[in-house]
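Let's talk through a two-chain model and ask, for each label, what earns it. Have the picture open while you read.

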Amino acid sequence: MKKTLGLAALTAMLLGGTAHAQQVTVKVGVLSDMSSLYSDIGGAGSVAAAKLAIADFAKANPNVKVELVSGDHQNKPDVGSQLANQWYDVDKVDMIIDTPNSGVALAVSQITTTKNKVFVVSGAAASDLTGPKCNANTVHWTYDTWMLANGTGKAIVKTGGDSWFFLTADYAFGHALERDTMAAVEKNGGKVLGKVRHPLNTNDFSSFLLQAQASKAKIVGLANAGGDTINAIKAGAEFGLSKGGQKFAGLLVFASDVNALGLATAQGLTLTETWYWDLNDANRAWTKRWQAERNAAGKFPTMVQAGVYSGLTHYLKSVAALKSGADGKAVVEEMKKLPTDDVLFGKGTIRADGRKVHPAYLLEVKAPAESKHPGDFYHVRATIPADEAFRPLAEGNCPLVKG
Amino acid sequence: MFEICLPVLLGGKCIPSGALFGQLLIGLINGSFYALLSLGLAVIFGMLNIINFSHGAQYMLGAFVAYLMLQYSGLGYWPALIIAPLVVGLTGVIIERVFLQWLYKLDHLYGLLLTFGLALIIEGVVRNKFGSAGLPYTMPDSLRGGQNLGFMFLPNYRAWVIVASLGVCIGTWFVIERTRLGAYLRAATENPTLVRAFGINVPVMITLTYGFGVALAAFAGVMAAPIYNVSPQMGSELIIVVFAVVVIGGMGSILGAIVTGFGLGVVEGLTKVFFPEASNTVIFVIMAIVLLVRPAGLFGRRA
């Protein structure tokens, strides 16, 4: 009897103790391409970034317990949707992050709002996520097609590249990027002389390059990504594009693509990113930690992976402020209310349409002789301030923005 | 210079004749790769009755071995052109000895599934080790630059691709169709027991044939490394087209593989000018038509 009483007292004490510290538990899912063409852009590198974010957050907030799961959407919207449903319904996941591939991201965004959870997009590009398809549970963190088109397009027209020819990947992403860039070029006084739509995963670009050369356009805009961009640039170097006075504009180029091309081939290419690992000391220090966590000394993090760290950090701060992660809409509202501040993206805000805004950088790929150490890829040519980098709030047709 | 137009029914697009010659030449260059790859497949199918689905992965391995040689031993393009096919061919020999030799008497499906599985494993392992973005491989200095042909700028490397591919294709065709060794090989596929009775070691010959087919894929991979992205998925993107080429040419027909390889390269090149959106599909449309009209393929002998 005495023993039972003692146990009961102990239990009560323990229960009381937990309640006093107000333990909050949230479960986070990194949904990415783990095994295919975008797995170097997000993938295991995004999981490593998420782990770093959780570790840093735990130091300051021991009362919030964060669990992490990760999964592979295989670039298929149906696989991604199924996984998202299972995570939300069965595994009690509170938020999903990353998700390169705009098709998958648009599907997951829809599911997230029906189930009132949180979706922070770092990897996907389509600006529709904060445009007509926006919702109160989705935040688009790192970059989008409008920002790429305007950053690169405007800068090139202003420096004399006023006639364009497009090589466009023939699917939704390519069309969106081409549409946004054409608008930016024409708005700034340039003109578009022609375009050719090539199928996704085209191996040989020489035929298209001949057409681009025949057009005599000063700039050949690449509205494609990954392997297609790399193959086009390789063929351009071979067919003497620059000898004819023409230049490439890479509309979506990641550090991993530059690495695959080699500086000798990629030099002189102009591109826009929102984060570059070698930009400042804070980024370099974080990159070292990321390389250790990822167990890959020779790899360099992309802006997508940095965006996962930054986005997750801000989400966790908002959950800590609310002391709960249960209501997705409330968390996103809190995320929009709190100013963002972290070591990688600095200070910023999230707009009503879910667009996170921060500065973007106009970069130019260095020549091999100018590169001082591994991963020393870019000259920073210009910084585009946060309020100019992204599409104006009123132009997005997002139903959340009134008036 | 005059202009060449499509019939109005097909869009009526016009291009200058000079540009057309350029596109024809580029079609031939791409056809060189199709010919090299489908040649290997045709040799393997013709002699072993195996549908080698790991051909794309072996093509990719060729490019990766070339990259590793440059990275770790400083051996450049020319040594790689010899050594990489030998190394990858050797792995082919091992695959044949360990797995394939047990499958010859079974349905085609077993060989197809085995080689497809191997392709997935090889691709997965390479991706795990090197990532998906691809690796840089620079062109040898001796093949840099190009010639201005008046109607187009022809890079020296592309000219070399046509020459090397034609040389290898004609050489292989000659050995198999016109020499005593080739006669043994063809006889061994018809009736292995009888050929053995003449004192010829048939299993070794078959093993080496598979090794040779695989080495051809690796050779094409090294040829591709300086101009295409060297990534784990480079083979799987190409292999489906190459299979279509083999089917159009006639499964197992060496000459068929070579001629259709070059021919379809040209057809695809023209599609890229007149209707680029269809350039990935045109080969399969042709395949469907050929299968309807001549089920054994253009050069195939009816079994």
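The radius of gyration here is taken over C-alpha atoms, and the rule for a globule is 2.2 Å times the number of residues to the power 0.38. Keep in mind that this is a predicted model.

Q: How do you know whether the radius of gyration of chain B agrees with that of a compact globule?
A: Put the 303 residues into the rule and a compact globule should come out near 19 Å; chain B has 20 Å, so the two agree. Along the principal axes, the C-alpha atoms of chain B fill a box of roughly 65 × 50 × 35 Å.

Q: What else can be said about chain B, such as how many helices and strands it has?
A: Chain B has eleven helices and four strands. Of its 303 residues, 50% count as buried. Take the contacts in chain B between residues at least 6 apart in sequence: 74% of them join residues at least 24 apart.

Q: Why is A:Asp98 called buried?
A: The cut-off is 20 or more other C-beta atoms within 10 Å. A:Asp98 has 34, so it is buried. This residue sits in strand β3 of chain A, residues 95-98, and it has a positive phi of about 90° although it is not a glycine.

Q: What makes A:Asn201 partly exposed?
A: Partly exposed is the class between 12 or fewer (exposed) and 20 or more (buried). A:Asn201 has 18 other C-beta atoms within 10 Å, and therefore counts as partly exposed. You'll find A:Asn201 in the loop between β7 (191-198) and α7 (206-215) of chain A. A:Asn201 also has a positive phi, about 60°, without being a glycine.

Q: How many residues of chain B are in contact with chain A, and which elements give two or more of them?
A: A contact needs C-beta atoms within 7 Å. On that basis 32 residues of chain B are in contact with 34 residues of chain A. On the chain B side, the elements giving two or more residues are α1 (17-48), β4 (153-155), α9 (234-249) and α10 (254-274). The largest share, five residues, comes from α1(B). By class, that side divides into 14 nonpolar, 14 polar and four charged residues.

Q: Which domains does chain A have, and how far apart do their centres lie?
A: The domain assignment gives domain 1 (24-143 + 280-358) and domain 2 (146-273 + 360-389) of chain A. Their C-alpha centres lie 28 Å apart. The contact takes 17 residues from domain 1 and 18 residues from domain 2 of chain A. The domain 1 side has nine nonpolar, seven polar and one charged residues.

Methods
Residues are numbered from 1 along each chain as its sequence is written. Chains are lettered from A and ligands numbered from 1 in the order in which they are written. This is a predicted model: local features need pLDDT of at least 70, side-chain atom pairs count only at pLDDT 80 or more; totals for chains, interfaces and linings use all residues. Ala, Val, Leu, Ile, Met, Phe, Trp, Tyr, Cys and Pro count as nonpolar, Asp, Glu, Lys and Arg as charged, and the others, Gly among them, as polar. Domain bounds come from an automatic or database domain assignment.
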